[in-house]
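Me: I am new to reading protein structures, and I would like to take a close look at one single part. Please choose a strand, and walk me through its surroundings step by step.

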Amino acid sequence: MSVNRCMYLFAGFRRHINPRALRITSGRCHVSGLKKHNAGSVACSRNVSSESSSKSPDTSLFVPVSLKTDSSADGGVGLELSQPLDKSELLKTLNRFYKRKEMQKLAADHGLDARLFHQAFISFRKYALEVTSLPADLHIILSDICRGAGHIDDIYPYFMRHAKQIFPMLDCMDDLRKISDLRVPANWYPEARAIQRKVIFHAGPTNSGKTYHAIQRYLAAKSGVYCGPLKLLAHEIFEKSNSAGVPCDLVTGEERTFVGSEGRAAAHLACTIEMCSVNSTYEVAVIDEIQMIRDPARGWAWTRALLGLCAEEIHVCGEPAAIEFIRELMYTTGEEVEVCTYQRLTPFSILNQAVESLDNLRPGDCIVCFSKNDIYSISRQIETKGLECAVIYGSLPPGTKLSQAKKFNDPDDPCKILVATDAIGMGLNLSIRRIIFNSLVKPNVNEKGEKQMEPISTSQALQIAGRAGRFSSKFKEGEVTTMHRDDLPVLKEILSHSVEPIEAAGLHPTAEQIEMFAYHLPDATLSNLVDIFVSLSQVDGLFFVCNIDDFKFLADMIQHIPLNLRSRYVFCTAPINKKQPFVCTSFLKFARQFSRDEPLTFDWVCRHVSWPLASPKNIKDLVHLEAVHDVLDLYLWLSYRFMDMFPDTALVRKIQHELDEIIQQGVRNITRLIRATDPAITDPLQSQSSKRGQTGRNSRTASSSYLTGGQRDKGGSETRMDSSLAGRLVRDGLLTPGLLQQLQREWSKDQNMLHGEPLSNNSKAISRKKKK
């Protein structure tokens, strides 16, 4: 080989060395030098090997980068120094290289498994055959091999160079593993490790006073922070603290309320768990519902608060099932846990008889459903019995939930029945005598992010059942049962078990970690970056990586919109209901407007949501209003992250309050909305066809009920339904009462004819008897 050709080959190798491979970047999880005690070394000795784990990545997540095939920096130098390549001979040579087992094994040692090796080869072959002018060093090597002057294995370095260009993560895998190392998360918070914190665990079932005792210490402290799972709980502590003469601010994802003059921060703060600061210093911190540290979606927020809050005293409240785990977790920080146990203040008993019928409802009953459809159906049935009921479910605005709770709790209000989802499990004080489970199965998300129907857990059942007979309510003893007889033994079985002990806490990649990933993989999408991060992440036995499906869903939705990575990350952490198409569409429009550097003004938002909005006429309208409320929540949430781009917070909050009032009015009339929505009520013909399975008297009764648009109460009086088709026709003068009765008789006769000859024969027999 000539000197000139050797010089070109050497220069080619130098030119394609990736400088990133020579640099080691450590993530924030590699904080060293603890000031008080070597908690990190304790954790390492218990859970973590001193050497980096060689966890194999999921290579199906590696998306090849497209390379240009129409130009080369070397021009035609390779051709000048050798000769043109025969494409057919080159194809044979490359295919021989692909079949070499030695090459496949060598590539596997450098991170190319069978899948990646195949993808890389297809790309390399296409590049070699289609590029206008190959790099000089590659052209010379391929020319030598085709002429028999070189060994086929000489292709390997150039193949690997190409593979690392289309799979850049191969060149920085060690760096990526270091960034995604989630072991010893206690070391992420050096400020908290710099103080010796006292951890007090208030353990007990629902209605045991555990949170009350923690809050008393919080109120007595010079400074404090309360971290709760729900906005309603944060609001409750905010109001309780200020009522007790302890100035307290409120911070949730969508709201900031400062009680001090000129917006000055108070010494006490009530916030949702995701919003707590790990940089501020407090005397006392309260972390409520600590068992949610194992929640597959939100558990990371409890882990962060427990490990990162800078407070002299950390008061955690929750189920006894979390005690041992919290002790073990605090062992990694060198902090001991003091446990205070509490017993339930008022007893509740499991009844030996199911309710079975809505006729058996009593004042103070709460029927628990796990779907809005069941809420609507049961509310409608209760209304037909002349009873009023309140309804509470998760997607209602906080103001509407409180309004419905107040209505149910008011002893002077005729509403004595509550129909609710498990949203009542936390955050509302309700005067419930008896909890009635309408069902014992609910939709859950498994570890793979798949939704499935599963029986409720013992923890969930206890959380809901514990709402019966609250200490602060007028019912000092609670009762628990089921609506259906077959469910009662199942409920008893569920409640007979002890709650499974917590075994792991949730973690979530931070924006900084994802940004470091993006530095190494600049062409990867945000969704792909997160997937690769989770694939490479290393966690010890005390932790797991939280489900990121919602994050990826939003990331994929706005991937085509030009945003910088940090803004994209923040948008994707927005808490929205992806089941609501209108909310998702709004999210997309918000991101697009933001990307244009065009502020989202009050007028812009009003045009988007078609404000002002009318009162709902049916359930579909009510659901849309709930979605609009969520959109306004999204605006407020983003306004605290991008103040300049979402400037009209006060005006949006004002119309949100007005919308809350409209929704409250709709929920107060929910049975009317359900009736207007129910096709069996609004379309008598359809209801007739749906009742063909009934016979004789039942069919005639049903026909009469639908035709007259009414239903009979216990006294036999008829209540007209103004929304029925028959009622509207009579009211509009298009149908007279006489014609209505005639239609009723004809439809009843037609209904009888549908069920065969017996009725007709019976009619003939009666006719013959009259003649005799």
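**A close look at strand β6**

Reply: Strand β2, which covers residues 224-228, runs parallel to β6, and four bridges join the two. Within this pairing, C227 stands opposite I287 in β6. Turning to the other pairing, six bridges join β6 to strand β7, residues 310-318, and these two strands also run parallel. Here V284 is the residue that stands opposite E313 in β7. To get from β6 to β7 the chain passes through helix α13, residues 299-308, and this β-α-β crossover is right-handed.

Before going further, please keep in mind that this is a predicted model, in which the protein chain has an average pLDDT of 81, with 77% of the residues scoring at least 70. Over residues 1-53, however, the pLDDT is below 50, and it also stays under 50 over residues 680-723.

Now consider how β6 sits in its surroundings: of the seven residues in this strand, residues 281-287, six are buried, so the strand is largely enclosed by the rest of the structure. One residue of the strand, I287, also leads us to the largest nonpolar core, which has 164 residues, because I287 is listed with F159, L306, F571, F590 and F646 as touching the most other members. The helix that gives the most to this core is α25, residues 619-639, with 12 residues. There is also a second, separate core of 27 residues, and L232, A390, I464 and L495 are among its members.

Key
Residues are numbered from 1 along each chain as its sequence is written. This is a predicted model: local features need pLDDT of at least 70, side-chain atom pairs count only at pLDDT 80 or more; totals for chains, interfaces and linings use all residues. Side-chain values use heavy atoms; hydrogens and water are left out. pLDDT is the predictor's confidence in each residue, from 0 to 100. Contact means heavy atoms within 4.5 Å. Buried means under 20% relative accessible area, exposed over 50%, partly exposed in between (1.4 Å probe, protein chains only). Two strands pair if DSSP finds at least two bridges between them. A crossover is right-handed if, with the strands pointing away from the viewer, the path from the first strand over the helix to the second runs clockwise. A nonpolar core is a set of buried Ala, Val, Leu, Ile, Met, Phe, Trp, Tyr and Cys residues joined through side-chain atoms within 4.5 Å.
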